[in-house]
Amino acid sequence: MKNGTCPKCGGSDVHPALRAGTNSIRPVEGALSAAVYTTHYVCRACGYVEEWVKPEELALLRQKFGKR
C-alpha cells in the first residue's frame with residue numbers, strides 16, 4: 001500500500017491518512033516500556049486502511065526487544 005497501490009481493489013488513490021491525536025502501539029512484552037508510532041495509508045477508492053510502523057521505530061523495537 002505504501003507503494004501507492006491498494007492491495008484490495010488495485011486502486012491508485014492511496015494517501016497517508018490524516019489522524020486525530022497520537023497513534024501508537026505497545027508491544028505485549030513490557031507493555032508500557034515502549035510506544036511505537038505508526039503511519040496509516042488509506043485507499044480513497046474502497047476505504048481500505050493499512051497501518052505501518054516507521055523504519056526508525058522498527059530499529060528502536062529491535063534495540064529494545066531484540067530480534068526473534
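**Exercise 1. Determine what share of the contacts with a separation of 6 or more joins residues 24 or more positions apart.**

Solution. A contact requires heavy atoms within 4.5 Å. Among the contacts in the chain with a separation of 6 or more, residues 24 or more positions apart account for 46%. The model is predicted: local features need pLDDT of at least 70, side-chain atom pairs count only at pLDDT 80 or more, and totals for chains, interfaces and linings use all residues. Residues are numbered from 1 along each chain as its sequence is written, and side-chain values use heavy atoms, with hydrogens and water left out.

**Exercise 2. State the confidence of the chain and of its elements.**

Solution. The predictor's confidence in each residue is pLDDT, on a scale from 0 to 100. Its mean over the chain is 78, and 71% of the residues reach 70 or more. Helices (H or I, at least four residues) and strands (E, at least two) are DSSP runs, numbered from the N terminus. The chain has one helix and four strands, in the order β-β-β-β-α. Among these elements, strand 1 (residues 14-16) has the highest mean pLDDT, 92, and strand 2 (residues 24-25) the lowest, 56. Where pLDDT is low, the predicted coordinates should not be read in detail.

**Exercise 3. Describe how strand 3 and strand 4 are joined.**

Solution. Pairing requires that DSSP find at least two bridges between two strands. Strand 3 (residues 36-43) and strand 4 (residues 49-53) have five bridges and pair in the antiparallel sense. One bridge partner of this kind is glutamate 51 in strand 4, which faces histidine 40 as its partner. The two strands form a hairpin with five residues between them, and glycine 47 in the turn has a positive phi of about 90°.

**Exercise 4. Identify the largest nonpolar core and the surroundings of tyrosine 41.**

Solution. Buried means under 20% relative accessible area, exposed over 50%, and partly exposed in between (1.4 Å probe, protein chains only). A nonpolar core joins buried Ala, Val, Leu, Ile, Met, Phe, Trp, Tyr and Cys residues through side-chain atoms within 4.5 Å. The largest comprises Met1, Cys6, Val14, Tyr41 and Cys43. Not counting residues up to four places away in sequence, tyrosine 41 touches ten listed residues, including Met1, Val14 and Trp52.

**Exercise 5. Locate the salt bridge and classify its two residues.**

Solution. The criterion is a side-chain nitrogen of Lys or Arg within 4 Å of a carboxyl oxygen of Asp or Glu. Arginine 44 meets it with aspartate 13, their closest N and O atoms being 3.3 Å apart. The two lie 31 residues apart, arginine 44 in the loop between strand 3 and strand 4 and aspartate 13 in the segment before strand 1. Arginine 44 counts as exposed because its relative accessibility is 56%; aspartate 13, at 30%, is partly exposed.
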